[in-house]
Amino acid sequence: MSAHLNHQPVMPNAPKQRQILVLLALNAGRVVTTQTLVEELWGDQPPRSFATTLQTYIFQLRAKLATAARDRDWARRLLGTRHSGYQLDGQLCETDVAEFDNLARAGRRAVDSGDPKGSSELLGCALALWRGPALVDVPVGRILRAEVGSLEENRIGVLERRIEADIDLGRHADLLGELTMLVAKHPMHENFYALLMIAYYRSGRAGNALEAFRQIRVVLRDELGVEPGPRLQRLHQAILAGALDFEPVWLAS
């Protein structure tokens with residue numbers, strides 16, 4: 001995790017200050033309440049002096065920003081105090097998270113307008129912003145832990161849509177290696193298995209597609225005691241009937 005201002009690194013070394021800056025950055029343009037910050041930093045056991053301590057952390061963050069900006073007033077506008085908490089000005093800062101969201105929305109619009117090539121490119125650019133697991137070098141409390149989960153779910157969703165766009169473009173064989181790796185990392189993720197089955201089938205490897213279904217069925221039975229969901233069941237039946245290209249019922253959720 002990194003933060004820069006005027007090409008200078010401004011990510012604090014102190015763990016709790018890092019937590020504060022990251023939480024504010026993830027919510028740029030929105031007020032993060034004092035209560036939320038206290039919960040993130042100390043959970044259910046804040047120190048008696050938590051209000052003064054939090055104010056000190058904010059003061060130190062502003063000082064670091066002011067040094068990089070060479071403008072104390074601008075730093076106060078960037079990191080503002082509000083009645084109920086603190087806020088990073090969304091107009092004065094840029095984050096990878098916001099750029100990711102913008103590219104993801106543009107990619108979804110391209111899908112809706114029937115442009116799989118544009119969608120694949122936009123969603124690919126969004127995914128390229130990820131350089132590793134979210135907040136891997138930032139200590140996380142209760143609030144940031146939830147943020148990490150949300151970020152990862154968004155990344156997975158964008159990845160699914162990019163692969164779907166590539167399937168629409170006929171890149172079935174090129175996707176097999178990526179999808180094989182994804183189902184190994186996410187052995188109970190039914191959508192990844194569905195995409196792998198489609199890629200196998202449309203690459204002329206129906207047997208491998210059926211084996212992929214058998215694998216996810218065994219995993220779900222052993223781990224959860226359930227059968228694959230309706231989408232995978234319909235997809236399996238379409239492959240058995242050799243009718244996948246003519247009855248795309250698997251698209252229904």
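These legends accompany close-up views of a predicted model.

**View 1. Trp42 and Tyr57 form a stacked aromatic pair.**
A search of the whole structure finds two aromatic pairs, and one of them is shown here. A pair of aromatic rings is described by the distance of the centres and the angle of the planes. The ring centres of Trp42 and Tyr57 lie 6.5 Å apart. Their planes meet at 25°, so the pair counts as stacked; the cut-off for stacking is under 30 degrees. The two residues come from distant parts of the chain, 15 residues apart. Trp42 belongs to helix 2 (residues 34-42), and Tyr57 to helix 3 (residues 50-69). Both Trp42 and Tyr57 are buried.

**View 2. Phe100 and Trp130 form an edge-to-face pair.**
Here the ring centres of Phe100 and Trp130 are 6.1 Å apart. The planes stand at 75°, so this pair is edge-to-face; that label needs an angle over 60 degrees. Phe100 sits in helix 5 (residues 96-112). Trp130 sits in the loop between helix 6 (116-128) and helix 7 (142-168). The pair links distant parts of the chain, with the two positions 30 residues apart in numbering. Phe100 has 6% relative accessibility, so it counts as buried; the cut-off is under 20%.

**View 3. Arg155 lies over the face of Trp130.**
Trp130 appears again, now with a charged partner. Arg155 is placed 5.6 Å from the centre of the Trp130 ring. Arg155 is also one of the helix 7 residues in contact with helix 5.

**View 4. Helix 5 and helix 7 cross at roughly 30°.**
Two packed helices are described by the angle between their axes and the distance between the axes. The axes of helix 5 and helix 7 come within 11 Å. Their crossing is left-handed. Helix 5 contributes Val97, Phe100, Ala104 and Arg108 to the contact. Helix 7 contributes Leu151, Asn154, Arg155, Val158 and Arg161. By class, the contact has five nonpolar, one polar and three charged residues.

**View 5. Arg70 has a positive phi in an exposed loop position.**
Most residues other than glycine have a negative phi. Arg70 is not glycine, yet its phi is near 60°. Arg70 is found in the loop between helix 3 and helix 4 (72-78). Its relative accessible area is 70%, so Arg70 is exposed; the cut-off is over 50%.

**View 6. Leu135 has a positive phi in a buried loop position.**
Phi of Leu135 is near 55°. Leu135 lies in the loop between helix 6 and helix 7. At 9% relative accessibility, Leu135 counts as buried.

Key
Residues are numbered from 1 along each chain as its sequence is written. This is a predicted model: local features need pLDDT of at least 70, side-chain atom pairs count only at pLDDT 80 or more; totals for chains, interfaces and linings use all residues. Side-chain values use heavy atoms; hydrogens and water are left out. Rings of Phe, Tyr and Trp (its six-membered ring) pair if their centres lie within 6.5 Å; planes under 30 degrees apart count as stacked, over 60 as edge-to-face and the rest as tilted. Helices (H or I, at least four residues) and strands (E, at least two) are DSSP runs, numbered from the N terminus. Buried means under 20% relative accessible area, exposed over 50%, partly exposed in between (1.4 Å probe, protein chains only). A charge sits over a ring if NZ of Lys or CZ of Arg is within 6 Å of the ring centre and within 35 degrees of the ring normal. Axes are lines fitted to C-alpha atoms, for helices over the stretch in contact, and angles run from 0 to 180 degrees between N-to-C directions. A crossing is left-handed if the near helix is turned anticlockwise from the far one by less than a right angle, and right-handed if clockwise. Contact means heavy atoms within 4.5 Å.
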